[in-house]
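This note sets out points for a colleague who is reading the structure alongside its sequence. They concern aromatic rings, charged side chains and selected polar contacts.

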Amino acid sequence: QVQLQESGPGLVKPSQTLSLTCTVSGGFITTNYYYWSWIRQPPGKGLEWMGAIDYSGTTYYNPSVRSRTSISRDTSKNQFTLQLRSVTPEDTAVYYCARGRSTDAYDYRGQGTQVTVSS
């Protein structure tokens, strides 16, 4: 059973950088041919895919956040991370990490972590 757990600060100030880590257990982030995604859900809105890193380390981004987003991984820790720069209150959301065979379908997802952007 694959498990994903998000971790990071629950409160970030505007203009700062949001950093979240997803720790994976029960499977390896280098296993062919999985994609490891970051998804968010702002209050009252639907899910938004932000980006992903695949088993080879190749990254993919949603054009809407591409200029502010970086996704990386630490294979020794079996973790992947999200950095979102220059945040605004509109980035307030529940952030999830997930695994899938593509970037738009997931078989495992973390429980999510609430991030609020506020001064």
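Which residues form one aromatic cluster? Tyr34, Trp36, Trp38 and Phe80 do so. The points below refer to a predicted model, and the distances in them are computed from its atoms.

1. Aromatic pairs. Five aromatic pairs are found when the whole structure is searched. One of them joins Tyr33 and Tyr55 in an edge-to-face arrangement, with 5.1 Å from centre to centre and 85 degrees between the planes. Tyr33 belongs to the loop between strands S3 (18-25) and S4 (35-41), and Tyr55 to the loop between strands S5 (48-54) and S6 (59-61), so this pair ties together parts that are 22 residues apart in sequence. Tyr55 is partly exposed, its relative accessible area being 23%.

2. Charges over rings. Two arginines should be noted here. Arg99 lies over the face of Tyr34, 3.7 Å from the ring centre. Arg109 takes up such a place over the face of Tyr96, at 4.2 Å from the ring centre.

3. Arg99. This residue is located in strand S9 (residues 93-100). Is Arg99 buried or exposed? Arg99 counts as buried because its relative accessibility is 9%, and the limit for that class is under 20%. Besides lying over the ring of Tyr34, Arg99 makes a side-chain polar contact with the side chain of Tyr34 at 3.3 Å. Arg99 also forms a salt bridge with Asp107, in which the closest N and O atoms are 2.6 Å apart. Asp107 counts as partly exposed, at 39% relative accessibility. Beyond four places in sequence, the contacts of Arg99 include Val2, Leu4, Trp36 and Tyr108.

4. Salt bridges. How many salt bridges does the structure hold? The number is four. In one of them, the side chains of Glu48 and Arg40 meet at 2.7 Å, N to O; Arg40 is buried, with a relative accessible area of 6%. In another, Asp91 and Arg68 meet through their side chains at 2.9 Å, N to O. Asp91 lies in the loop between strand S8 (79-84) and S9, and Arg68 in the loop between S6 and S7, so the pair ties together parts 23 residues apart in sequence. Asp91 counts as buried at 3% relative accessibility.

5. Asp54. This acidic residue lies in strand S5. Asp54 is buried but has no salt bridge, and the nearest side chain of opposite charge, that of Arg73, is 5.8 Å away. A salt bridge requires the nitrogen to be within 4 Å of a carboxyl oxygen, so the 5.8 Å separation from Arg73 does not qualify. The side chain of Asp54 instead makes polar contacts with the side chains of Ser56 (2.7 Å) and Tyr60 (2.7 Å). Residues up to four places away in sequence being left out, Asp54 touches Ile29, Tyr34, Tyr35, Tyr60 and Arg73.

6. Ser70. Ser70 is placed in strand S7 (residues 69-74) and is partly exposed, with a relative accessible area of 27%. The side chain of Ser70 makes a polar contact with the side chain of Arg85 at 2.8 Å. Setting aside neighbours within four places in sequence, Ser70 is in contact with Tyr61, Thr81, Leu82, Gln83 and Arg85. Thr103 is 33 residues from Ser70 along the chain, and the C-alpha atoms of the two are separated by 16 Å.

Methods. Residues are numbered from 1 along each chain as its sequence is written. This is a predicted model: local features need pLDDT of at least 70, side-chain atom pairs count only at pLDDT 80 or more; totals for chains, interfaces and linings use all residues. Side-chain values use heavy atoms; hydrogens and water are left out. Rings of Phe, Tyr and Trp (its six-membered ring) pair if their centres lie within 6.5 Å; planes under 30 degrees apart count as stacked, over 60 as edge-to-face and the rest as tilted. Helices (H or I, at least four residues) and strands (E, at least two) are DSSP runs, numbered from the N terminus. Buried means under 20% relative accessible area, exposed over 50%, partly exposed in between (1.4 Å probe, protein chains only). A charge sits over a ring if NZ of Lys or CZ of Arg is within 6 Å of the ring centre and within 35 degrees of the ring normal. Lys and Arg count as positive and Asp and Glu as negative; His and the chain ends are not counted. A polar contact is a pair of N or O atoms within 3.5 Å; within protein, one must be able to donate a hydrogen and the other to accept it, and residues adjacent in sequence count only if both atoms are side-chain atoms. Contact means heavy atoms within 4.5 Å.
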